[in-house]
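Subject: Structure for you to look at

Hello,

Here is the structure I said I would pass on. Please open it first and keep it beside you while you read the notes that follow.

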Amino acid sequence: MVDYSDPAFAKHLQRESREQLKMGLMGLPLPKNDFEIVLPENAERELEEREMDESFVEDASEIELRKQVARDAEREKELKQRHVAVQRALPRPSEQAEELIKREMITMIHHDSLHHPYSEPLSKKTKGPGSSSNNAEHIAYLDKIPYTKVTEDDLRKADELLVQEMEVVKHGMGHGDLSMEAYSQVWEECYSQVLYLPGQSRYTRANLASKKDRIESLEKKLEVNRGHMTAEAKRAAKMEKKMKVLLGGYQSRAMGLVKQLGDLWDQVEQAQVELRTFQELKKQEDTAIPRRQEALREDVQRQQEREKELQQRFADLLLDKETMLSSKA
């Protein structure tokens with residue numbers, strides 16, 4: 001529970017205010033002393049007209065009307081320089097807005113802890129809504145600062161005001177529709193500025209925490225992540241065991257089919273190798289067959305010519321034989 005009258009808490013607020021003021025001043029642009037005095041073009045003409053109209057006496061009502069118009073213009077100019085809450089005549093808190101939000105948030109936490117206590121769904125040790133000491137602390141705080149219930153009409157009006165303010169800010173800052181990446185980046189930047197202190201059980205700004213507090217916070221975050229990892233691992237192992245019981249037959253059948261598929265695939269690969277081999281042999285044979293045919297044609301032609309020559313020689317010899325026989329007779 002936060003004690004707003006604690007001097008340490010007041011010093012903490014002052015330190016945060018100084019840090020915010022320092023960051024705001026660092027973001028201001030550098031001053032520029034570029035001034036130039038320029039008289040209006042019709043200044044001399046106005047002076048001449050005033051000298052010519054010195055005899056004219058202005059009516060008192062016109063003077064008062066002109067002064068009233070000047071006062072209204074000055075008041076409107078001053079009003080534009082004020083905050084939007086002042087311009088719209090909206091109700092303003094008597095204390096700092098951040099402190100009011102914190103107080104209301106703490107009141108809601110005490111109310112929810114008392115009437116709607118949180119319990120781990122998997123925890124078997126939790127038997128009741130909470131300890132009596134914690135309930136007494138919540139009751140004491142709510143007696144001091146009571147919880148005010150909000151009606152549905154007020155919630156609806158608050159939602160409408162938030163939507164209107166979001167549109168005003170979006171139009172004024174020129175944000176437009178933010179993508180999920182831009183939203184995630186802004187969220188990470190804002191979340192990195194907040195640090196949880198496990199020793200004090202509270203959140204604080206990261207730039208105000210010491211090195212020791214940062215180390216303790218990171219150790220706590222690591223411990224929480226390890227706990228989540230262990231819980232998820234147990235949950236996954238339990239689900240895996242159930243799935244094995246449920247799908248054991250399908251897994252055995254699938255393993256057999258996978259083995260058969262592997263054997264068939266090996267046969268297909270072997271057949272593809274043989275097919276490619278015979279295709280290469282066919283290409284080589286297709287290239288060699290014309291050469292072989294041409295060589296055989298040449299051999300046949302040479303043999304025919306030789307046979308023709310031999311037949312002609314045989315005929316000549318036979319003719320010579322007959323001639324010789326006829327001459328002897």
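What share of the residues in the protein chain is buried? Of its 329 residues, 6% are buried. Please keep in mind that this is a predicted model.

Overall layout

The protein chain has 9 helices and 2 strands. If you follow the sequence from start to end, the order is α-α-α-α-α-α-α-α-β-β-α. The chain exposes about 30700 Å², and 57% of that area comes from carbon and sulfur atoms. Among contacts with a separation of 6 or more, 47% are between residues 24 or more positions apart.

One pair that is far apart in sequence involves Arg-15, which lies in helix H1 (residues 7-26). Arg-15 and Leu-208 are 193 residues apart along the chain, yet their C-alpha atoms are separated by 8.7 Å. Arg-15 is partly exposed, because its relative accessible area is 34% and the partly exposed class runs between 20% and 50%.

The hairpin

The two strands are S1, covering residues 194-197, and S2, covering residues 202-205. They pair in the antiparallel sense over 4 bridges. Together they form a hairpin, with 4 residues between the strands. In the turn, Ser-201 has a positive phi of about 55°. Across the pair, Leu-197 stands opposite Arg-202 in S2.

Which side chains of S1 point to the buried face? The side chains alternate along the strand: Leu-195 and Leu-197 point to one face and are buried. Val-194 and Tyr-196 point to the other face and are not buried.

Ser-217 is worth finding next, and it lies in helix H9. With its neighbours within four places in sequence left aside, Ser-217 is in contact with Leu-195, Tyr-196 and Pro-198. Ser-217 has a relative accessibility of 6%, so it counts as buried, the limit being under 20%.

Helix H7 and its charged residues

Helix H7 runs over residues 152-173, which is 22 residues. From its first C-alpha to its last it reaches 31 Å, close to the 32 Å expected at 1.5 Å a residue. Just after H7 comes Gly-174, which takes a positive phi of about 65°.

Side chains of opposite charge can pair when their charged atoms come close. The structure holds 9 salt bridges. In H7, Asp-153 forms one with Lys-157, and their closest N and O atoms are 3.8 Å apart. These two residues are 4 residues apart in the helix, about one turn. Asp-153 is partly exposed at a relative accessible area of 35%, and Lys-157 is partly exposed at 42%. The pair also belongs to a network of salt bridges that links Asp-153, Arg-156, Lys-157 and Glu-160.

Two other salt bridges

How far apart are the closest N and O atoms of Asp-299 and Arg-302? They are 2.1 Å apart, and the two residues form a salt bridge. Both lie in helix H9 (residues 211-328), 3 residues apart, about one turn of the helix. Asp-299 counts as partly exposed at 37% relative accessibility, and Arg-302 counts as partly exposed at 48%.

Glu-285 forms a salt bridge with Arg-292, where the closest N and O atoms are 3.4 Å apart. Glu-285 has a relative accessibility of 37% and counts as partly exposed. Arg-292, at 49%, counts as partly exposed too.

A nonpolar patch on the surface

Which residues make the nonpolar surface patch of about 540 Å²? The patch is made by Met-180, Tyr-183, Trp-187 and Tyr-191. Of these, Trp-187 lies in helix H8, which covers residues 180-192. Why does Trp-187 count as exposed? Its relative accessibility is 52%, and exposed means over 50%.

When you go through the model, I suggest taking the hairpin before the salt bridges.

Regards

Technical notes
Residues are numbered from 1 along each chain as its sequence is written. This is a predicted model: local features need pLDDT of at least 70, side-chain atom pairs count only at pLDDT 80 or more; totals for chains, interfaces and linings use all residues. Side-chain values use heavy atoms; hydrogens and water are left out. Patches are made of residues with over 30% relative accessible area and no salt bridge: like charges are joined within 9 Å, nonpolar side chains (Val, Leu, Ile, Met, Phe, Trp, Tyr) within 5 Å. Accessible areas come from the Shrake-Rupley method with a 1.4 Å probe; for residues, only the protein chains shown count as cover. A salt bridge is a side-chain nitrogen of Lys or Arg within 4 Å of a carboxyl oxygen of Asp or Glu. Buried means under 20% relative accessible area, exposed over 50%, partly exposed in between (1.4 Å probe, protein chains only). The expected span of a helix is 1.5 Å times one less than its number of residues. Contact means heavy atoms within 4.5 Å. Two strands pair if DSSP finds at least two bridges between them.
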